[in-house]
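Work through the exercises below with the sequence and the coordinates open, and try each task before reading its solution.

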Amino acid sequence: MSEQPTGSGEEKKSTVAIRVSPAFKQQLDSVVSLTGMTLNNAGVEALEDWVAKILSDPDVRAKAMQNLQEEERALQERRQALQNMLGGGDAAAETQEKDASTRSNTRKK
């Protein structure tokens with residue numbers, strides 16, 4: 001797949017290219033022409049439906065939350081390392097821990 005940004009301002013979009021067999025492409029073109037949709041709009045609708053279906057799986061949602069927590073942990077470690085390099089050390093670390101604790105408590109509610 002390739003992605004290329006298009007558009008401007010708030011409407012920036014990316015192009016996603018997929019490869020399909022020539023026979024399936026003909027089938028897509030035929031079905032799309034029957035609906036009056038563009039192939040692009042049909043593809044976006046299909047991908048949105050697929051993403052919604054995948055994200056409704058509790059295992060996928062749990063994995064996404066785990067990934068988010070790991071990213072937050074890594075970001076906190078980077079922030080701490082930078083603060084230590086800049087001499088922000090202990091006071092900044094305490095503030096960071098309080099912020100992280102507040103965020104965790106807010107999510108649990």
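The exercises that follow concern a predicted model, and each task is paired with a worked solution.

**Exercise 1.** State how many helices and strands the protein has, and in which order they run.

*Solution.* Counting the elements gives four helices and two strands. Reading from the N terminus on, one then finds the order β-β-α-α-α-α.

**Exercise 2.** Compare the span of helix 1 with the span expected at 1.5 Å a residue.

*Solution.* Helix 1 covers residues 22-35, which is 14 residues. The expected span is 1.5 Å times one less than the number of residues, so for helix 1 it should come to 20 Å. The end C-alpha atoms of helix 1 are 20 Å apart, which agrees with that expectation. Beyond helix 1 comes G36, whose phi is positive, near 80 degrees.

**Exercise 3.** Repeat the comparison for helix 3, and then examine what lies at each of its ends.

*Solution.* Helix 3 has 28 residues, 58-85, for which 40 Å is expected at 1.5 Å a residue; the distance from its first C-alpha to its last is 41 Å, close to that value. At the N-terminal end, D57 acts as the cap, with a side-chain oxygen 2.8 Å from the backbone nitrogen of D59. Just after helix 3, G87 has a positive phi of about 85 degrees.

**Exercise 4.** Describe the burial, contacts and surface of the protein.

*Solution.* Begin with burial, taken as under 20% relative accessible area: 6% of the 109 residues are buried. Next, among contacts with a separation of 6 or more, 8% join residues 24 or more positions apart. Finally, the accessible surface is about 9,500 Å², and carbon and sulfur atoms contribute 55% of it.

Key:
Residues numbered from 1 in each chain as written. Predicted model: local features only at pLDDT ≥ 70, side-chain atom pairs only at ≥ 80, totals over all residues. Heavy atoms only, no water. Buried < 20%, exposed > 50% of the residue type's maximum accessible area, 1.4 Å probe, protein only. Contact = heavy atoms within 4.5 Å. Areas by Shrake-Rupley, 256 points an atom, 1.4 Å probe, with all protein chains shown as cover. Polar contact = N/O pair within 3.5 Å; in protein donor to acceptor, adjacent residues only side chain to side chain.
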